[in-house]
Each structure stands twice: as structure tokens, then as C-alpha cells.
There are 2 protein chains.
Amino acid sequence: MTGEDLDKRVKAILSAVVHNYIATAEPVGSRTLSKIDEIKLSPATIRNVMAYLSDLGYLEQPHKSAGRVPTDKAYRFYVDSLVVANALPGDIKRMIDNELGESSQGLESLLIQTTRLLAALTQFTGIVAAPRVEHSQLKMIEFIKMNARQIFVVLITRSNIVHNKVIDVSEDFSQEFLNSVTSHLNSQFSGQSLLEIRENLMENLAVEKARYDQLLAQVARLSKKAFELPEEDSLYVEGQSNIVKDFHDLDKVQRLLKALEEKIGIINILDQTVLASGVQIYIGMEIESEELQDCALITAQYGSENNFLGAIGVIGPTRMNYPRVIPIIDYTAKILSQALINN
Amino acid sequence: MTGEDLDKRVKAILSAVVHNYIATAEPVGSRTLSKIDEIKLSPATIRNVMAYLSDLGYLEQPHKSAGRVPTDKAYRFYVDSLVVANALPGDIKRMIDNELGESSQGLESLLIQTTRLLAALTQFTGIVAAPRVEHSQLKMIEFIKMNARQIFVVLITRSNIVHNKVIDVSEDFSQEFLNSVTSHLNSQFSGQSLLEIRENLMENLAVEKARYDQLLAQVARLSKKAFELPEEDSLYVEGQSNIVKDFHDLDKVQRLLKALEEKIGIINILDQTVLASGVQIYIGMEIESEELQDCALITAQYGSENNFLGAIGVIGPTRMNYPRVIPIIDYTAKILSQALINN
DNA sequence: TATTAGCACTCGGTAAGAGTGAGTGCTAAT
DNA sequence: ATTAGCACTCACTCTTACCGAGTGCTAATA
């Protein structure tokens, strides 16, 4: 990304600054580095290197007589040079296993639990994007008549994920009739993605209309309604209160909370994650959202190898402890995926 | 509650202090009152009255040389003396009608939308407790077989509210068999509350066990699982970011956010509301929760006359604008109730 | 030639002191 | 019963001074 190829010693100092800043949240001075580190250099030498790193845009000074603070670029370097992520401590592993292992809970409560778990383990804000409906493949659909005007639709995907909703109808269909419609839909569309089904149905609808067959046209309309997609994929957010710890500016806190409430911006970012594989890290300006500056987003997709369903992650300050958080996200995504497959 | 019967003039001054404090969030001094109000009295006289009110516990001074601030007791007096609530402005009325009027959305999204609406209109934090399952009456139950080990249960109540979940079973029941079970359950239990049904089933289970009839015992276990209640009723919360505006203390903000995350405490308070009728107001210490001090909670139940389902409300600072907020809660609850009945 | 010691300089943060003003309680006059 | 007058309180703001961590630059050193 940035063509710079830094000297080994320069890299060591940059890493040390980032490391120290993550630990203390205080600007790092040359004296501190000279003392603490195995980089046996005098403060003066370190100052030279730091000035160099400032020129390259890796470090910043809050004001002239203060130590250095890492920029987004520095965090990016730091994260990229973390070749080996920390191993996940056994007790945390066990916590994740316990929380998500016991199955027999519905999708929704499983995802909520995952979100809470992420927040609790990382002490940041946990986010989980629910599986996207439109690309999932139909396993079966079922209609249950509620009353003359409403039908309850249950839709089960290949991944055993259940979606359901109520649709309004103008005609009073009998349950027997509904059953015949569903068995037809099941045999015709089973295995196709909801998006494909929708397209097929649109064609059908046109054909039936042309035929002037009242009943069939009604069935077509009914089916179309049943496969209509929800306006908005849902996002679970937990642990907002952790934001207060990390940002001491009330204004900043409010804008972050607002951004989390609006959800849509974050869903868009997570949508990218679902396509990429493994743990993804977005730092500061790499997140295109205005409000999420000074934040880092660590995410991973979940689902099975060839069928990724959604993404999980945490949002925290750019100065979060990456080596600690990354393996948590990674492992949680894996266990969640398993829980969904076993489902 | 407090036996005090205040002089008319004293009441006027107390009201004026509360009113002014709600508007400005600044401690109110005697000079301010003497100027602004139609109470044509000198600051000195007002000071006497204020000293009296301080003695009775209606007013407090942040420090000796500051104006007065209302206590919870003062807000309680103020709210109780609001005989006539403000009429709700037409445009707000229309907003509520528009947002909740258009039906054909599921229960969940309707409740979420209500929560958001409350937050948007009041600029405080909106909360909505979902209908409590256990007291609702069964209209019909339906089993859909997902696979050999899992069954999807749909449960529709008299109020046309749909609950659903996945249950795990050890036996591989056929769909036909499941249908026969549901038709039996429907005919036997339709109209009973879920709590009653559970009790009946427990008896059944005992009887069947005694009979050593393998199949019937299995059916009994299956039915029992189907009617098992969710561990926790759900609470929707929106507009947390508004908290930051009203509480300038970071620590306070964090504790409030935490309390909202935990939900259970707030659900308990709302449970009381479902039993009482009309708009309920809880001020400061009247809420038994530690974290919700300095907060007021305005709530109302929703549902039909003889069958209340849940409660809606807002949480804000005790110095919220009660005359403005109360009618919003009141009207929103009414429209939500209608939307659910029309459903 | 790379490193370091030395030094002048910067500047946020804290502390102390003074002045301001909104507000109070009390007393005496109306 | 009400009010004018007055001494007093105390948070807030502003100024001043000082401290110290940290810097950049230059000259000495290995």
C-alpha cells in the first residue's frame, strides 16, 4: 500500500511506540522508549528516528512539547506486521465454547448471545450482522392461515435458518388450498436462491396475467408476496456502554452511539466482510464513515466454507489491543459457524 | 402521599421553580422568579417561601450560594398538579398515525418502529416491552418438521400475535404425525392461556408416564417442549444516544447505558405498568433501580381493554418536559393498540 | 560516520490568588 | 405581611507563575 520499506531499527521503534501507546494511552516520548526497550539507544537517537517517522506520517504530536502518538498508518503497519496472532487463552476458548456450543436455541437468540459474548470478552462494542436472506437457498416454504386476511409464512433455508413473516391477502384462501400452493412452490423452487425465485415468480406473474386466469393470477401474487425480501438486514449491537470508557469526549460518544443506532452504515461495511475470508481489520480512515474516525473495526464472516451467511465483529478505538482481540473474533466466528451447521 | 397541603401561593412558586428548571436546567433564584412571573412578589418574600419549601424537602441547593433545584418530591407534586395534559399537536399526531397506521408489518418490526418513533418524538430513550407470552391465549399451534431432529413451532394467540421457535426432538416424527398432534392440541387447548396449558400438560405427562405408553409419553414431552416459555421477555430500546445530551457526567452516562443493556431491571418495572391503566409516571427514587436515579420513566400499556399485552415508554432525566412527553406516550400507546387489533 | 551528551526552547497542566456576581439568610423598616 | 438593605457565601473565571516532560539542534565522541 505505502511503498516505504523501513529499516529494521525504525520498524522496531515504530512498533514500540504503538505498543506503548496501546498500553498506556499516553503520548510516547523518546526517554520512555530508551528505558523500557531492548532497543539500546539513547533518547537523542530515538528522537531522530521519531522525527523521521513523523515526516513519513506514522507518528503525530498532539502539541510541540509532547510525545508521539501513532497515526492510522502506524496502526496499519503494526497490524500488518503481527505475523502471528496471539494464541487464544484456554479459558476464553472455553467460555466461547460454552456460550455458543449448547444448541437448541433459535437463530436470533444465538446471534444476540454471540453479540453479547463479543462485547463481554473484548470490552468493546460487539456487532453481528444476521444472515442475508436474498442469497440463501430455499429448502421449504409453508403457509399457515391466521385469518381471512392474513397468512403466516415460514421459510426455511438450506442452512436450516428460519425466516417468517405475516402477509396480508385480499382473498380468503383455505388452508387446504394454501397447502397445495406450498407443495407446488416447494417442488418447483427448492434449492434455488430467494433472488432467483423472485425473478422466476415475476415472469410467472406476467404470464398468468396474460392468461386472464383469476385464480392463477392470485396464486402468483400470493407467492410473490411470500418471497418479498425484508427491507433491511438486521444488525445486532451490544456493549455500547463500553464506548464511554474509550472516548472521554461526550460529543464523540454521542456521535458514535448515533452511528450505531443508525446501523445501516455499519451493515454496509460488514457486507464487504462477508465476501472476504478470515479476519478483516479496518482502521480509522479506512472506514469510510465520518463518525467512526478514531475507531477500528475487526470483523470475520461466519457460515460454511462455500456459503457465507453473515459477519461478526467489534468496534473499538484505534488504540485497541489488536493481538488480544483478533483471535477472539476469529475463534468466535468459527464456533458460531459450527453451531449453525450443527443446527 | 405526603400529607402536606400547601398554600396556593406556595404552590405557585413551587410550580414556577420546576417549570423554570425544566426549561433552563439552571438552579432557579428568587430574583428570576420575581421578574418572570405573574407572582408579583419581591425576591425577599420569594426567598422566604423557598426556604420553607427547602425545609419540606421540595427544593435543594447545589451549594449555599446557588439557586434552588427541584427534588423528586417537587417533580411528583408538579406532575400530580398537571390536571390537564397538553393537547397533542396535530402534526405529531399525524406522524404517529402515519408511522404506526400502515399495517402489514410483523409484530417485531412494528414494535421496533414504535420504539424508534418514541425516541425521535421525545428526544429521549424509547422503550417497548414485547407482549408477555405466558398470559396470552392460544388460538392455534402448528408444527413444521425441519429435519429428523428439529421441529419449527408456530404459535398464534387470540390477539393474532405470532410466536415461534425451534425445538429439538430425539424421535423422528413424520409431518403427518405432527399434524395429528397439533390438531389434537388445537382442539383441546384453544382459548386457554399458555400458562394453563402448561399446567395441564404437566398433569398429562405424569399420567402418560404412569401408563408406560411409549408413543403417548413422547407426544406429551413434545407438547410440553412446544409450550415452554421463553426465558426472558424481550425489550426494545432505541435512542440511547439521547442520554448523552441530558447527562453531562461520563460516569452517569455509562451506568445508564449499562442499565439499558441489562434490560431485566427495566422489564420488571414495565411489568407493573401492564397491570395499571393509563399513563404511569415514575420519578427518580420511585424507580427502585440504583442506576436510574435522576431519571424519570413515563409509560403506558398497550393492547385491548380487557387484554393488555405490554408497555411502552421513555426514559429521560427527571427534569424532562412532562407536559410535552405525556401525551405522546398516551397517544402512541393508543395507536399501537389499534394497529395490533386491526392486525 | 553514526551515536550521544548537552542545551535552549516549547507548551500543556497544575496551583495559588484575586476579583466577580448570582444568590442567600437575617434584620429592620414600611 | 411584605420588602428593602446588607453582610456573607461560594462557584467560576482570569491571571500569573512554575514545573516538567519532551523536543530539535549542535557539537563532542567513539
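Lys145(A) stands opposite Ile151(A) in S5(A). This pair belongs to a predicted model, and the report starts from the sheet that contains the pair.

**The three-stranded sheet of chain A**

S4(A) and strand S5 (residues 150-157) of chain A are paired in the antiparallel sense, with eight bridges between them. On the other side of the pairing scheme, S5(A) is joined to S6(A) by seven bridges, and these two strands also run antiparallel. Phe152(A) has Val166(A) as its bridge partner in S6(A). The hairpin of S5(A) and S6(A) has four residues between the strands, and Asn160(A) in this hairpin takes a positive phi near 65 degrees.

Taken together, the strands form an open sheet of three in the order S4-S5-S6 (chain A), with antiparallel pairing. Strand S4 (138-147) and strand S6 (162-168) of chain A stand at the edges with a single partner strand each, so one side of each has no neighbour in the sheet. On average, neighbouring strands of this sheet are turned by 20 degrees against each other, direction ignored.

Two helices of chain A lie across this sheet. The table gives the strands that each helix lies across and the angle to one of them.

| Helix of chain A | Strands it lies across | Angle |
|---|---|---|
| H7 (residues 175-189) | S4 and S5 of chain A | about 165 degrees to S4(A) |
| H9 (residues 214-226) | S4, S5 and S6 of chain A | about 135 degrees to S6(A) |

**The five-stranded sheet of chain B**

In chain B, an open sheet of five strands follows the order S7-S3-S10-S9-S8, and its pairing is antiparallel. Its edges are strand S7 (235-238) and strand S8 (280-283) of chain B; each has a single partner strand, so one side of each is left without a neighbour in the sheet. Neighbouring strands here are turned against each other by 20 degrees on average, direction ignored.

Within this sheet, strand S3 (residues 125-129) of chain B and strand S10 (residues 307-317) of chain B run antiparallel and are joined by five bridges. One of the residue pairs is Ala129(B) with Ala311(B), its bridge partner in S10(B).

**Cavities**

A search of the whole structure finds seven cavities of 30 Å³ or more. The volume of the largest cavity is about 70 Å³. Its lining consists of Phe124(A), Thr125(A), Asn242(A), Ile243(A), Asp246(A), Phe247(A), Leu256(A), Leu260(A), Cys295(A), Ile315(A), Gly316(A) and Pro317(A). Helix H10 (241-246), helix H11 (250-262) and strand S10 (307-317) of chain A are the elements that give two or more residues to this lining. By residue class, the lining of the largest cavity divides into eight nonpolar, three polar and one charged.

**Relation of the two chains**

Chain A is superposed on chain B by a rotation of 180 degrees with 0.0 Å of shift along its axis, and the RMSD is 0.1 Å. This is the relation of a two-fold axis. Leu250(A) comes closest to the rotation axis of the residues of chain A, with its C-alpha at 3.5 Å. Of the interface residues of chain A, 100% are also interface residues in chain B, so the copies meet through the same surface.

Methods
Residues are numbered from 1 along each chain as its sequence is written. Chains are lettered from A and ligands numbered from 1 in the order in which they are written. This is a predicted model: local features need pLDDT of at least 70, side-chain atom pairs count only at pLDDT 80 or more; totals for chains, interfaces and linings use all residues. Side-chain values use heavy atoms; hydrogens and water are left out. Copies are superposed by least squares on the C-alpha atoms of residues with pLDDT of at least 70 in both. Contact means heavy atoms within 4.5 Å. On a 1 Å grid over the protein atoms alone, a cavity is a set of points where a 1.4 Å probe fits but cannot get out, and a pocket is an open set with protein on both sides within 12 Å along at least five of seven lines; lining residues have an atom within 4 Å of a point. Grid points are joined across faces, edges and corners, and a volume is the space filled by probe spheres set on the points. Ala, Val, Leu, Ile, Met, Phe, Trp, Tyr, Cys and Pro count as nonpolar, Asp, Glu, Lys and Arg as charged, and the others, Gly among them, as polar. Two strands pair if DSSP finds at least two bridges between them. Axes are lines fitted to C-alpha atoms, for helices over the stretch in contact, and angles run from 0 to 180 degrees between N-to-C directions.
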